[in-house]
Amino acid sequence: MALRLHNTLSQQVEVFTPSERNTVRMYTCGPTVYDYAHIGNFRTFTFVDILRRCLRLNGFALEHVMNITDVDDKIIRNAVAQGKTLAAYTAVYTQAFLDDCAALRLELPERLVRATEHIEDMLLAIGKLGESRHTYASEGSVYFRIATFPEYGKLSHNDFRGNIAGARVDVDTYDKADARDFALWKAAKEGEPFWEGALGPGRPGWHIECSVMALKYLGETLDLHAGGVDLVFPHHENEIAQSESLTGKPFARFWVHAEFLLVEGQKMSKSLGNYFTLRDILARGYTPEAVRYLLASVPYRKSLNFTFDGLKSAGTAIDRLRNFKLRLETDRLPDGASEVWSARTASAQGTFRNALDDDLNTAEALAAVFEYLRDANTAMDSGEFRAGNAPAALDLLTAFDAVFDVLKPSAAAGQWSDAEIEALIAERAAAKKARNFARADQIRQQLSDQGILLEDTKSGVRWKRK
RNA sequence: GGCGCGGUAGCCAAGUGGUAAGGCAAAGGUCUGCAAAACCUUUAUUCGUCGGUUCGAUUCCGACCCGCGCCUCCA
């Protein structure tokens with residue numbers, strides 16, 4: 001079954017394949033590094049990560065570019081207020097973003113690009129757009145003239161031929177010819193950092209950076225472009241207008257957008273006190289894996305209700321998966337292999353993969369794994385599941401973790417070495433044999449204090465870090 | 001007002017024109033020196049509301065109600 005994705009352009013779920021050979025050329029919108037990224041941002045970035053992994057699971061190679069927007073109004077405002085250079089200011093939040101991504105196990109794109117390192121490219125592109133009469137200058141700024149791009153609105157499915165009834169209009173509309181026009185180059189204001197160029201002192205508008213960097217590294221027509229739904233309009237619509245005006249070719253074949261995240265059923269906002277960064281959540285004692293699991297478990301096209309209850313239950317679900325894996329690795333199972341279970345495992349793999357292929361239906365993929373897990377546990381209890389079935393079952397978990405990536409615990413909680421732990425376990429076994437349960441429990445407690453949990457099973461003692 | 005998404009058990013959530021996956025929570029049970037792990041049973045006659053089509057609708061159509069997003073910077 002081939003991978004299918006919802007394409008915002010067609011508003012349909014379509015079979016996805018790269019246009020050439022086997023490599024997917026994709027671009028996703030990255031963060032504006034004016035502050036720590038919040039949990040809503042990470043919903044989208046987690047979706048992109050899941051998308052990457054599913055593309056790879058389908059045998060595609062990736063050529064993925066993501067931008068870091070390191071120049072914009074807020075950055076300039078904050079940097080100036082703090083008396084820092086743009087570079088010094090954005091370095092802090094860029095690093096914080098990368099750290100957060102690492103904590104959430106988000107793969108980095110093949111190429112991470114910064115807006116400020118492509119100013120020349122942007123100036124060139126704006127110049128070219130000028131030559132083809134897609135731009136006009138006003139009070140030192142340069143704008144893109146939407147009227148020159150008749151297809152404007154094809155992504156957001158808005159019909160802009162009439163008035164924009166009810167739409168609020170930008171305060172600086174007065175220097176634009178049309179409310180829809182957007183800035184390609186913004187004239188520098190007093191005291192602001194700026195770049196010097198053919199267009200006069202200023203800085204690039206937001207939309208142009210994505211077009212320029214995508215075209216530069218990925219060519220005229222991308223296979224896939226992704227981001228959050230809120231970017232559909234105007235950001236991606238504007239990218240299309242610029243890019244297609246430059247190249248005359250379709251900018252991207254697939255546009256894929258992740259829905260919004262709510263917190264406790266409400267939209268996240270600083271005034272409601274439900275605005276969280278990853279750091280805020282980890283500081284409350286939740287693990288990055290639980291956050292990742294929760295963000296990944298709701299299919300990307302459905303808005304995700306982020307709750308602390310949900311985070312807790314994600315943690316419990318992960319524990320159950322880890323326990324299952326540990327059991328597969330440590331239980332002494334009867335020799336041989338059950339044909340029934342060989343078939344059952346293969347079927348679970350198939351269901352898992354098909355669910356992901358179906359527009360990244362992570363909820364259904366998880367259901368396939370849990371259903372299998374429950375039945376396999378039962379079969380292990382009854383002796384029906386045999387040693388020869390374990391490798392395939394572990395393969396299923398490997399496939400699962402290639403996408404969800406939550407099985408390996410993040411923090412090495414215990415300071416003790418494996419050898420020290422094993423020694424204590426041996427001592428406890430001896431104590432138990434001598435029916436010295438007080439000493440046995442003492443050792444259990446001692447290990448527990450170090451974050452080590454012992455489990456007595458039919459196959460012997462096994463331990464894990466909590 | 002325009003465009004888009006959604007309303008399924010206590011919470012999260014999948015899904016199909018043929019009679020409701022999965023996770024978490026809760027209760028009871030099995031196993032167990034203790035603990036952990038694991039499993040079993042129970043928890044939606046019902047899928048926002050009202051109509052329509054159909055032998056049959058949660059699933060299709062229409063209307064309405066509610067929530068959310070975008071239309072200005074925004075994941």
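Start inside the protein: this predicted model holds 2 cavities of 30 Å³ or more. We'll visit both, then step out to a pocket.

**Stop 1: the largest cavity**

Select helix H1 (39–57), strand S4 (61–68) and helix H3 (86–103), the elements that each give two or more residues to the lining of the largest cavity. The space in there comes to about 90 Å³. Now show side chains for the lining itself: Phe45, Val48, Asp49, Arg52, His64, Met66, Phe97, Cys101, Leu106, Glu107, Leu108 and Pro109. H1 provides the largest share, 4 residues. Colour by class and you should get 8 nonpolar, 1 polar and 3 charged residues around this cavity.

**Stop 2: the second largest cavity**

Keep H1 on screen and add H8, since each of these helices supplies at least two residues of the lining of the second largest cavity. About 80 Å³ of space lies here. The residues to pick are Arg43, Thr46, Phe47, Ile50, Leu295, Ala296, Val298, Pro299, Tyr300, Leu360 and Thr362. Which helix gives the most to this lining? It's H1, with 4 residues. By class, the walls of the second largest cavity have 8 nonpolar, 2 polar and 1 charged residues.

Now colour by domain. The assignment for chain A gives domain 1 (4–258), domain 2 (278–403) and domain 3 (418–465). The second largest cavity takes at least three lining residues from each of domain 1 and domain 2. While both are coloured, look at how they meet: 28 residues of domain 1 are in contact with 28 residues of domain 2. The centres of domain 1 and domain 2, taken over C-alpha atoms, are 36 Å apart.

**Stop 3: H8 against H11**

Stay with H8 (residues 288–297) and bring up H11 (residues 362–382). Their axes are 8 Å apart, and the helices pack at an angle of about 115 degrees. For the contact itself, select Tyr293, Ala296 and Ser297 on the H8 side, with Thr362, Ala363, Leu366 and Phe370 on the H11 side. That contact has 5 nonpolar, 2 polar and no charged residues. You've met two of these names already: Ala296 and Thr362 are also among the residues lining the second largest cavity.

**Stop 4: the second largest pocket**

Next, switch to the second largest pocket, with a volume of about 770 Å³. It has 28 lining residues, and the ones to centre your view on are Asp319, Arg322, Leu407, Pro409 and Arg465, the closest to the pocket's centre. Show H8 again, together with helix H9 (308–330) and strand S16 (460–465): these are the elements that give two or more residues to the lining. Which of them gives the most? H9 does, with 10 residues. Colour the pocket lining by class to find 12 nonpolar, 5 polar and 11 charged residues. Bring back the domain colours too: at least three lining residues come from each of domain 2 and domain 3.

**Last stop: confidence**

Finally, colour by pLDDT. Chain A averages 91, and 95% of the residues score at least 70. Where should you be wary of the pLDDT? Select residues 163–174, where pLDDT stays under 50. For that stretch the model has 5 contacts beyond four places in sequence.

Terms used. Residues numbered from 1 in each chain as written. Chains lettered and ligands numbered in written order. Heavy atoms only, no water. Axes fitted to C-alpha atoms, helices over the stretch in contact; angles between N-to-C directions. Contact = heavy atoms within 4.5 Å. Nonpolar A, V, L, I, M, F, W, Y, C, P; charged D, E, K, R; others polar. pLDDT = per-residue confidence, 0-100. 1 Å grid on protein atoms, 1.4 Å probe; cavity = no way out; pocket = protein on both sides within 12 Å on 5 of 7 lines; lining within 4 Å. Points joined across faces, edges and corners; volume = space filled by probe spheres on them. Domains from an automatic or database assignment.
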